[in-house]
Amino acid sequence: MYKLIIIIFIFISSITLQSADALIPLDVFAKHSKFTDMKISPTGKYLAFTFEDDTEVKLAVMETKSKQVISSFEFGENRKVRDFNWLNNDRLDMTVQTSVGWLDGVNPRTTWVVANADGSDRRILWDDMNAASLRMISTLKNDPKHVLAV
């Protein structure tokens with residue numbers, strides 16, 4: 001009886017593996033991803049995502065209801081959006097750096113940029129120009145118009 005159960009288990013397992021192989025082609029797992037990062041806004045109204053385009057990593061914002069891209073942000077050749085966050089329901093910040101390769105030795109020239117989800121009111125808050133560093137420590141949840149940075 002024990003041998004019969006093992007044989008039935010092996011048979012069912014082989015059928016499951018064969019059908020799974022037929023459903024999902026191997027190249028699906030080997031493809032380069034289309035998006036590098038995604039974050040949904042606090043209200044769920046927008047979805048911000050980064051994606052590679054040639055030598056750049058750009059950021060775009062999509063309305064979740066209509067699934068339409070409503071804004072995009074690009075910063076030039078070899079400039080990459082390294083990180084981004086929702087500051088409030090409609091505004092986000094982006095950390096942008098220059099990057100050519102792992103060992104390029106180029107100063108990353110970090111820039112801190114903010115903008116509304118619809119692409120309006122874009123501002124460079126800080127551009128290091130080899131001077132120092134800056135880090136956001138709080139989005140101040142009770143004060144949606146300000147952040148705390150050092």
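Start in the loop between strand 4 and strand 5, where you'll find Asn78. Keep in mind as you click around that this is a predicted model. Check the backbone here: Asn78 has a positive phi of about 65°, and it is not a glycine. Is Asn78 buried or exposed? With a relative accessibility of 19%, Asn78 counts as buried, because the cut-off for that label is under 20%.

Next, hop to the loop between strand 3 and strand 4 (69–73) and pick Lys67. Lys67 is another non-glycine residue with a positive phi, this one about 60°. As for its surroundings, Lys67 is exposed, at 60% relative accessible area.

Now for the interior. Select Leu59, Val61, Trp86, Leu92 and Met94: these have the most contacts inside the largest nonpolar core, which has 14 residues. To see where that core comes from, colour strand 2 (46–53), strand 3 (56–63), strand 5 (79–86), strand 6 (91–98) and strand 7 (111–116); each of them supplies at least two of its residues.

Before leaving this core, zoom in on Met94. Which residues does Met94 touch, leaving aside those up to four places away in sequence? Show Leu59, Phe73, Phe75, Val81, Asp83 and Phe84, then add Thr111, Trp112, Val113 and Ala115, and you have the list.

Last stop: select Leu47, Phe49, Phe51 and Ala60. They are among the five residues of a second core, separate from the one you just visited.

Methods
Residues numbered from 1 in each chain as written. Predicted model: local features only at pLDDT ≥ 70, side-chain atom pairs only at ≥ 80, totals over all residues. Heavy atoms only, no water. Core = buried A, V, L, I, M, F, W, Y, C linked by side-chain atoms within 4.5 Å. Buried < 20%, exposed > 50% of the residue type's maximum accessible area, 1.4 Å probe, protein only. Helix = DSSP H or I, 4+ residues; strand = E, 2+ residues; numbered from the N terminus. Contact = heavy atoms within 4.5 Å.
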